[in-house]
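Student: I am new to this structure and would be grateful for a close look at a single part of it. Please take the cysteines, and place them beside whatever else helps me to find my way.

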Amino acid sequence: MELTDRQLSILSYIIYHPEGITRAQLAKQTGISLRTVQTEINAINGQLGSGPQYIDHGKNGYIAQGFSGKELEEISRLMEGKHTRVMPLNRSSTILSVLLFERDFLSMEKLAERIYVSKSAIFKEFEHVKILKKYVTVSRKSGLIISMPESEKRNLLVKCFDKETTQYYEPGLKERYEQLDLVCRAVLPEVFLAHDYPVSGDAMRSFRRHLIITILRKEKGFEIEQMVQPDEYSALLLELVERISALTGVAFSQDDMADCQRRLNGLNTLDGRAAGWRDRCMQEYEQNYEKFRRRLKEVFGLEFEPDREEKQNFLLYISKTAWRSGSGHVNSNFLKREINRRYPMSVHLILECFPCCFSMNVPEPEVSNLALYLAGKMDRGAYRPECVIISDRNPSVLYHLKAQIEERFVHLLDRILIS
């Protein structure tokens, strides 16, 4: 079988999509026109001759027919020599999605058979892809397994399915996923709009996939671990759960709802208010903003002088924080520990100044977001404060402390004085 690089690439995509791949998808993946795809497939069938192996065009697109295990192994071997050109970009996601639906160890042989590749291809993937080394436990005796809490598995599956070329090797998974996707596409925009909670398109897609994965995992018998329950569920989530349960027949547990509420709180919100809302926002927070600037200067000795656009963005960010909190949603920040460690001064300023200047107690997860926003002004040189260490301790100890502070916060501080 003498196939060109392009023909081998097309054949590899067809083999890796046993459920079928359309001509449009092939054209997009390989970067060629629709007409060229058809021409190359005719050429491939001509190379295969009149034997049992051929590329058929069915309801769901092109399908490889009649290939034996030895022939698939040979094609995989040929593809290995052209790794950068014909290897599917989502192979690591495919491996993860298969293992995430396995309860026990899966042998390397079974995995290779499941995804229509050779064992050597899987070994090579593990050698070069860090995410596989991070999540997959490999046992020479037992095989492969992903050991992590169910909530983390669901988050990982959302990322795996965030691709147009997603593989569905679990029986019946693709059909059920598409059914649930149709339901969620119909329900989510309507409910979000009714509750005046506008989010970005990417955020909506991410949350839709999370809901679908939650339902799929429950139907497969994967129960989520005990989650921290919120003080109360938002009206938006309660309506979503009620309507989706009625349409799909799936009952969400309290832990499922807590996980979905946490995910919902972390979505990026948009400004969906009426025209003129920005101006009213500026007027409402103008005096509070000036009070904030005075307090920074009088209490902390900081000159905060952002330009007009930065000032407007800062006030809009504060107003959105107040709006989210008042609506029962908190924009979670999973990097808050790192932010708090790296920008302790900004965190301290938010905690000290906001309650008295803006008459609002910032929810704990939002503190890190505001601190990062404030630290951005410091990183760009909007102000570089002096640090004064006042202590009656031995000067030798303080100079050692000064050296540590300078090393850690050199990009934030202008100079450090000891008194």
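Tutor: What follows treats the cysteines, and then a buried arginine and a pair of strands. Please bear in mind throughout that the model is a predicted one.

A disulfide requires two cysteine sulfur atoms within 2.5 Å of each other, and by this rule the count is zero. Consider C184 in that light: the cysteine sulfur closest to its own belongs to C260 and lies 9.8 Å away, so the two are too far apart for a bond. C184 is also buried, because its relative accessibility is 0%, and buried means under 20%. C357 likewise takes part in no disulfide. For C357 the nearest cysteine sulfur is that of C356, at 3.9 Å. The relative accessible area of C357 is 1%, so this residue too is buried.

From the cysteines we may turn to R217, which is located in helix α12, spanning residues 201-219. R217 has a relative accessible area of 0% and therefore counts as buried. Apart from neighbours within four places in sequence, the residues in contact with R217 are L100, F101, E150, K153, R154, L157 and F222.

The strands complete the view. Strand β1, residues 54-58, pairs with strand β2, residues 61-65, in the antiparallel sense, and five bridges link them. Within this pairing, H57 stands opposite Y62 of β2. The connection from β1 to β2 is a hairpin that passes through two residues.

Note on methods: Residues numbered from 1 in each chain as written. Predicted model: local features only at pLDDT ≥ 70, side-chain atom pairs only at ≥ 80, totals over all residues. Heavy atoms only, no water. Pairing = 2+ DSSP bridges. Helix = DSSP H or I, 4+ residues; strand = E, 2+ residues; numbered from the N terminus. Buried < 20%, exposed > 50% of the residue type's maximum accessible area, 1.4 Å probe, protein only. Contact = heavy atoms within 4.5 Å.
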